[in-house]
Amino acid sequence: MSETETTSAAATAAPFTTRAVGAQAPDAPLAPLEIQRRAVGPKDVRIDIKFCGICHSDIHFARGEWGEIPYPAVPGHEIAGVVAEVGSDVTGFAPGDRVGVGCMVNSCRECENCQAGEEQYCLPGNTQTYGSKDRDGTITYGGYSEQVIVDQDFVLNIPDGLELDAAAPLLCAGITTYSPLRHWNAGPGKRVAVVGLGGLGHMAVKLAHAMGAEVTVLSQSLRKQEDGLRLGADAYYATGDDATFTELAGRFDLIINTVSAAIDIGRLLSLLRTDGALVNVGAPPEPLPVPAFALIPQRRSFAGSAIGGIRETQEMLDFCAEHGIAAEIEVIPAAQVNEAWERVLASDVRYRFVIDNSTL
Ligand code: NAP
Ligand code: ZN
Ligand code: ZN
């Protein structure tokens, strides 16, 4: 503890080093390293990271699947922690506050999307929590680390009713599913299907159920059926069984596809009713071919959606606290992060790994 305090004292005035776990190359395993964090500016909040969720995006990113990235790469955008220090102009936070940071740490604030509170769609591009060029020209490092400095406008309050470890995954998996469910009006009388029961998928099930929709899970097999029903699904089908597509044809108002790999989109579209929408949040590097005649006859839509704005992220956290919703997690020490990644890749996660950052 005293070691952290020594680091803290120096942090206000000057950049400082903090422990992290990251990758040095696309094919390198994650390993401990030290990174530099900037001095705490007037509007900055310095956060002691307590927990960080492992999102499949961390893997796509660090392995260069979405394109070339700068190394070392320190992933992690499901950050939950406690405020250690605030800059002189910070009004919304004080030391000791329980806070979260998601996928963005800044944006232009001037474009029409930023003005509308949709910083995730910032037209010149927002500053991502990791792998982005920050305002000062340095590359951002994510939450697989001890501390992070974030502008107060991109820090969220974690309500008292939520445990920090189970709240961490809400900062990406939670908001990424909450936002399209709200945008496409999931609620009573609506039939929602969730494709893939992983980190995002299990949150989509819980949230859609809490919003009052009828929820169906479409998983590769029935292996996790009991869990899916316990999490709030009304029905559970295997996409590996052809009969599923016959039985559910034309059934859903909304399908949220959370799958991290390229799957048959035409087949999923056939499950939508007239005017239904298939929203892709899964982000495989490969294209997803869409047959025109899966869309045209029933005026179906195929759409995408990225996380959510800061205001909506806070709304989601408050909604979760109100409804007693958080992620189902397996907390791991930092030393097990490579193993956890392999298990995510094998769809063997129930349902989010969360790093205990005190073990870094
Ligand atoms: P995850 O925990 O690995 O879950 C993905 C699930 O997809 C798996 O559990 C599995 O579910 C299913 N799946 C995996 N491979 C499959 C395959 N080959 N065929 C069919 N189904 C397969 O991943 P996640 O963290 O939820 O992330 C999911 C995707 O969303 C990733 O691509 C990630 O980058 C992306 N993402 C996007 C956003 C955004 O803003 N749009 C935000 C966060 C993440 P079953 O075992 O149930 O079949
Ligand atoms: Zn994520
Ligand atoms: Zn903007």
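This report describes a parallel sheet, the surroundings of a ligand and a few backbone features in a predicted model.

**The sheet**

Six strands form an open sheet in the order 12-11-10-13-14-15, and their pairing is parallel. At its edges stand strand 12 (235-238) and strand 15 (301-304), each of which pairs on one side only. Neighbouring strands of this sheet are turned against each other by 20° on average, when direction is ignored. Within the sheet, strand 13 (residues 252-257) and strand 14 (residues 272-280) run parallel and are joined by five bridges, and Asn257 has Asn280, in strand 14, as its bridge partner. Helix 5 (residues 173-183) packs on the sheet, where it touches strand 10 (191-195), strand 13 and strand 14, and the direction of helix 5 makes about 160° with that of strand 13.

**The ligand site**

Around ligand 1 there are 30 residues, of which Ser57, Leu197, Ser219, Lys224 and Arg352 come nearest. By class, this shell has 14 nonpolar and 14 polar residues, together with two charged ones. Helix 2 (56-62) and helix 6 (199-210) each supply at least two residues of the shell, and helix 2 gives the most, with three residues. Oxygen atoms of ligand 1 also lie at short listed distances from N or O atoms of the protein, as the table sets out for His56, Gly199 and Ile307.

| Residue | Part of the residue with the N or O atom | Distance to an oxygen atom of ligand 1 |
|---|---|---|
| His56 | side chain | 2.8 Å |
| Gly199 | backbone | 2.9 Å |
| Ile307 | backbone | 2.9 Å |

On its own, ligand 1 has 920 Å² of accessible area, and the protein covers 88% of that area.

**Backbone features**

Most residues other than glycine have a negative phi, and most peptide bonds are trans. Against that background, the peptide bond from Tyr71 to Pro72 is cis, with omega near 5°, and Pro72 is found in the loop between helix 2 and strand 4 (79-86). The peptide bond from Arg350 to Tyr351 is likewise cis, with omega near -10°, and Tyr351 lies in the loop between helix 12 (337-345) and strand 17 (352-356). Asp275, a residue other than glycine, has a positive phi, near 70°, and its place is in strand 14, the strand that five bridges join to strand 13.

Key. Residues are numbered from 1 along each chain as its sequence is written. Chains are lettered from A and ligands numbered from 1 in the order in which they are written. This is a predicted model: local features need pLDDT of at least 70, side-chain atom pairs count only at pLDDT 80 or more; totals for chains, interfaces and linings use all residues. Side-chain values use heavy atoms; hydrogens and water are left out. Two strands pair if DSSP finds at least two bridges between them. Helices (H or I, at least four residues) and strands (E, at least two) are DSSP runs, numbered from the N terminus. Axes are lines fitted to C-alpha atoms, for helices over the stretch in contact, and angles run from 0 to 180 degrees between N-to-C directions. Contact means heavy atoms within 4.5 Å. A residue is near a molecule or strand if one of its heavy atoms lies within 4 Å of it. A polar contact is a pair of N or O atoms within 3.5 Å; within protein, one must be able to donate a hydrogen and the other to accept it, and residues adjacent in sequence count only if both atoms are side-chain atoms. Accessible areas come from the Shrake-Rupley method with a 1.4 Å probe; for residues, only the protein chains shown count as cover. Ala, Val, Leu, Ile, Met, Phe, Trp, Tyr, Cys and Pro count as nonpolar, Asp, Glu, Lys and Arg as charged, and the others, Gly among them, as polar.
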